[in-house]
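Student: Please take a close look at one part of this structure, chain B, and go through how it is built and what it touches. I would like one connected account.

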Amino acid sequence: MASGIKDKVAILGMGCSKFGERWDKEADDLMVEAYEEALADAGIETKQINAAWLSTAIEDQHVGKSGVPLAIALRLPYIPVTRVENYCASGTEAFRGAVYAVASGAADIALAMGVEKLKDTGYGGLPQRSRGVLNAMSWANFSAPGAFAQLAAAYRTKHGVAQEDIKRAMAQISVKSHDNGAKNPKAHLRNKINIDTVLGAPTVAEPLGLYDCCGVSDGAACAIVTTPEIAKSLGKHDIVSVKALQLSVSNGQEASHNSWDGSHFVTTRTASKRAYTEAGIADPRKELSLIEVHDCFSITELVTMEDLFISREGEAVKDVLDGFYNADGGVPCQIDGGLKCFGHPIGASGLRMIYEIYLQMLGRAGPRQRQDEPRLGLTHNLGGFPHQNVCSISIIGRYGA
Amino acid sequence: MTAGILAYGAYIPRLRLQRQAIATANTWFNPALKGLAKGERAICNWDEDTVTMAVEAARDCLTGIDRKSVRGLQFASTSFPFRDRLNAGIVAEALDIASHVAALDVTASQRAATSALLNALIGGGPTLLIASEKRRAKTASPYEMTNGDGAAAVLVGEGPAIARLVGSASRTADFVDHYRTDDQPFDYQWEERWIRDEGYMKLVPPVIAEALSRAGLQASDITHFIMPGTLPRIAGTIAKAAGLPETSVRDNLQAQLGETGVAHPLMLLGHTLEQAKTGDRILVVGFGQGADAIILEATAELAKLPARAGVKGHLARRKEETSYNRYLAINDLVEIERGMRSEVDKQTPLSSLWRNRALLTSFLGGECTKCGTIQIPKSNICVNPNCNAMHSQVPHAFADKAGRINSFTADRLTFSPSPPACYGMVQFDGGGRMMLDFTDVDAEALEVGQTMRMMFRIKDHDTQRGFTRYFWKAAPAPTSSKES
């Protein structure tokens with residue numbers, strides 16, 4: 001097996017814009033907002049960056065195609081800039097590009113920027129977008145919530161869970177994230193909610209109500225990476241390094257072959273297994289200090305707890321209701337508020353999650369800082385639909401941990 | 001040798017608009033509508049038109065029949081979705097018989113179906129004749145009350161006929177009781193009393209008499225008299241004038257279906273065949289710029305015809321629609337705020353539609369000749385992870401397979417002309433699965449494991465370019481207890 005990425009690349013600096021309805025900002029304003037923070041954190045100048053990756057997923061709504069918008073926004077000095085898109089895993093893809101460039105020796109210092117400006121559509125929810133010519137003619141008329149909502153029907157059927165029990169666990173997931181998001185000045189939604197608010201909200205796609213769905217917002221997040229050696233030479237002492245980066249992409253089996261029951265993510269299971277191997281993690285429930293997962297919808301977070309092998313299969317409902325994933329629980333999940341409170345500017349989300357893990361590792365998370373000293377954190381993105389998707393996993397931790 | 005009728009079929013949309021709902025909304029303007037406010041009429045769901053209904057009626061008609069035997073397809077309607085695109089061609093592709101049939105659209109008169117039937121009977125066969133109608137009517141018009149949407153089909157050929165032709169007559173007259181031009185969406189009609197006295201009463205009885213004479217029959221020999229028409233007591237009045245037995249006059253299904261236009265003579269013929277006995281003589285009249293009279297005799301083969309839903313089965317498959325507003329909206333009779341999500345471009349690249357017609361119109365998937373895995377869509381590389389053979393698949397038909405719901409939702413976010421949009425993963429018996437739109441479902445009654453059947457429906461309307469695209473959707477199977 002390949003030796004993997006563990007401890008080969010360090011995060012030199014990170015930045016994250018305020019997420020929200022940034023009516024007065026363009027995408028390049030958001031990128032610069034994240035970049036200024038990252039640059040100051042890294043303690044370098046723009047000219048020291050050798051290569052850059054830009055992630056956007058709904059670029060037609062804001063910057064358009066190619067790496068040019070990033071190069072212009074940051075006035076990058078004619079270096080390689082690549083735009084990546086891989087559904088909701090796009091942000092992590094940009095990070096992967098930068099990390100691999102450093103690991104390969106092609107770049108000493110590389111930048112990953114994710115941005116999305118979603119609030120210029122005129123309506124709530126994710127922008128409607130093209131699916132491709134043949135898909136538009138043959139795919140069901142599904143929205144993102146409608147596609148993910150179906151996990152609930154399949155999960156309930158498989159595990160014999162009553163509708164009211166799963167709805168309650170889903171509600172607790174959202175309540176927990178709002179509790180955490182309330183403490184985060186960069187989050188879009190900072191209001192606390194309770195289970196009754198969630199259960200009483202209007203239905204979006206059965207059984208998902210309004211509070212089972214993450215918000216839609218504008219935002220940008222940015223990482224500057226280098227080797228641990230260069231980080232040290234630049235005066236960094238507390239080094240945060242990349243332990244694993246994995247991606248798993250559906251090949252049509254879930255959509256067309258009857259081997260999948262619809263209650264879980266095949267991709268998350270394969271990607272997380274590979275990531276634990278790459279990072280040298282034997283028991284994620286014990287070894288992970290915190291996780292940031294792709295809670296586009298509460299039901300996604302619920303089944304993901306099992307797909308990451310942290311809850312045993314069929315036991316996520318119990319773990320959630322027991323508070324195992326609360327900020328003071330065994331493995332805090334969405335300690336920053338998650339997609340639920342940040343919203344989901346697609347290209348930025350993966351980097352926003354890594355930003356939180358990075359802050360937590362350095363003890364810089366302020367009032368939401370994990371009390372037990374964190375060692376290893378995981379981020380997880382899912383793009384597409386349960387029956388056809390892209391899953392990315394990153395594991396970030398203290399260098400040498 | 002003259003061909004006979006080999007099989008029949010019908011399709012009636014599930015929604016039945018309650019006429020009282022029309023009256024409640026409109027009697028402030030036209031109090032006379034109160035007199036028509038009894039019973040119900042069939043109305044298309046938002047994703048149905050004459051093409052989709054024709055496909056269903058044809059599938060019903062072809063129950064138990066080898067589709068390869070069909071050589072001709074005639075499609076009669078005055079409400080085709082396309083004016084210059086062979087509507088019968090869409091139906092032929094959907095039935096997966098296009099490559100070996102000659103197909104033809106027949107139109108422009110309310111007797112288009114009976115005239116086509118006569119042509120088919122005289123011309124031999126085997127010809128599949130389908131008639132389908134979805135006529136738009138102005139709000140608060142009598143037509144809105146009396147019209148019904150529906151389709152009927154007969155297979156005509158020289159095999160074991162369930163009903164054989166014993167006589168017929170036709171006459172043509174430019175008698176304009178109503179008309180509709182290219183640029184007008186609605187019919188314009190003249191006074192009913194004139195239509196009755198100068199039209200029906202003067203044009204129909206002589207044609208009946210001539211048909212009887214050619215058949216060598218007396219009027220009293222007729223067991224069933226099929227006379228479509230919505231004028232009060234028109235069938236009985238004609239029967240009396242023509243000397244036909246009073247008991248022969250068939251129910252015109254106005255109370256539970258409405259007048260299905262061009263399809264109505266065949267619809268009533270199907271309804272009659274469901275009850276006819278060997279030797280019964282059936283007189284079918286089509287009226288419209290003249291008249292056709294066709295006399296058929298039921299044979300002993302009728303009882304041997306495999307079971308089908310037919311008119312009776314489709315009349316029983318019903319859901320009461322009490323919302324007049326929904327009826328207006330799904331028939332595009334009112335400008336409803338559809339929201340910005342409806343603005344997504346729905347252009348259909350015609351080159352891609354053609355290239356992918358096996359999937360999109362005929363709903364063919366693939367069967368791997370290496371491992372036997374059934375899959376849809378058909379692909380270059382087998383989806384079975386233990387096989388993954390290349391170029392190993394042969395076409396495999398999915399349209400008539402039963403499927404079961406694996407997962408589902410009722411979506412109120414995505415744009416649907418009739419929300420919520422229901423869809424889910426459907427797993428087919430014998431292999432294969434697909435995430436499919438559902439139609440004709442009640443969101444609250446959906447269940448994992450529920451049995452579904454496939455139906456050819458409208459996928460999207462491209463309002464910018466006036467194109468309608470079709471695809472297959474899953475509807476509750478007739479045996480499903482969830483059907484209401």
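Tutor: Chain B has twelve helices and 22 strands as its secondary structure. In this predicted model, the radius of gyration of chain B is 23 Å, close to the 23 Å that the globule rule gives for 484 residues, so chain B is as compact as a globular protein of that length. Along the principal axes, its C-alpha atoms fill a box of roughly 75 × 55 × 40 Å.

Within chain B, one helix pair can be followed residue by residue. Two packed helices are described by the angle between their axes and the distance between the axes. For helix H6 (residues 192–215) and helix H7 (residues 234–242) of chain B, the axes come within 9 Å and cross at roughly 50°. An angle of that value makes H6(B) oblique to H7(B), and the crossing of the two is right-handed. H6(B) brings B:Arg196, B:Tyr200, B:Met201, B:Val204, B:Pro205, B:Ile208 and B:Ala209 to the contact, while H7(B) brings B:Ile234, B:Ile238, B:Ala241 and B:Ala242. By class, the residues of this contact are ten nonpolar, no polar and one charged; the charged one is B:Arg196.

Turning outward, chain B puts 41 residues in contact with 32 residues of chain A. On the side of chain B that touches chain A, two or more residues come from each of helix H11 (350–355), helix H12 (357–360), strand S18 (402–411), strand S19 (421–428), strand S20 (433–437) and strand S22 (467–476) of chain B. S18(B) provides the largest share, six residues. This side of chain B is made up of 20 nonpolar, 14 polar and seven charged residues.

The partner, chain A, is divided into domain 1 (10–119 + 218–233) and domain 2 (143–214 + 240–398). Taken over C-alpha atoms, the centres of these two domains of chain A are separated by 24 Å. Their contact draws 35 residues from domain 1 and 33 residues from domain 2. On the domain 1 side, at least two residues each are supplied by strand S1 (10–16), helix H3 (90–104), strand S4 (109–116) and strand S7 (219–226) of chain A. H3(A) gives the most to that side, with eight residues. The domain 1 side of this contact has 21 nonpolar, nine polar and five charged residues.

Note on methods:
Residues are numbered from 1 along each chain as its sequence is written. Chains are lettered from A and ligands numbered from 1 in the order in which they are written. This is a predicted model: local features need pLDDT of at least 70, side-chain atom pairs count only at pLDDT 80 or more; totals for chains, interfaces and linings use all residues. Domain bounds come from an automatic or database domain assignment. Two residues are in contact if their C-beta atoms, placed from the backbone, lie within 7 Å. Helices (H or I, at least four residues) and strands (E, at least two) are DSSP runs, numbered from the N terminus. Axes are lines fitted to C-alpha atoms, for helices over the stretch in contact, and angles run from 0 to 180 degrees between N-to-C directions. Angles under 35 degrees count as roughly parallel, over 145 as roughly antiparallel, 65 to 115 as roughly perpendicular and the rest as oblique. A crossing is left-handed if the near helix is turned anticlockwise from the far one by less than a right angle, and right-handed if clockwise. The radius of gyration is taken over C-alpha atoms; the globule rule is 2.2 Å times the number of residues to the power 0.38.
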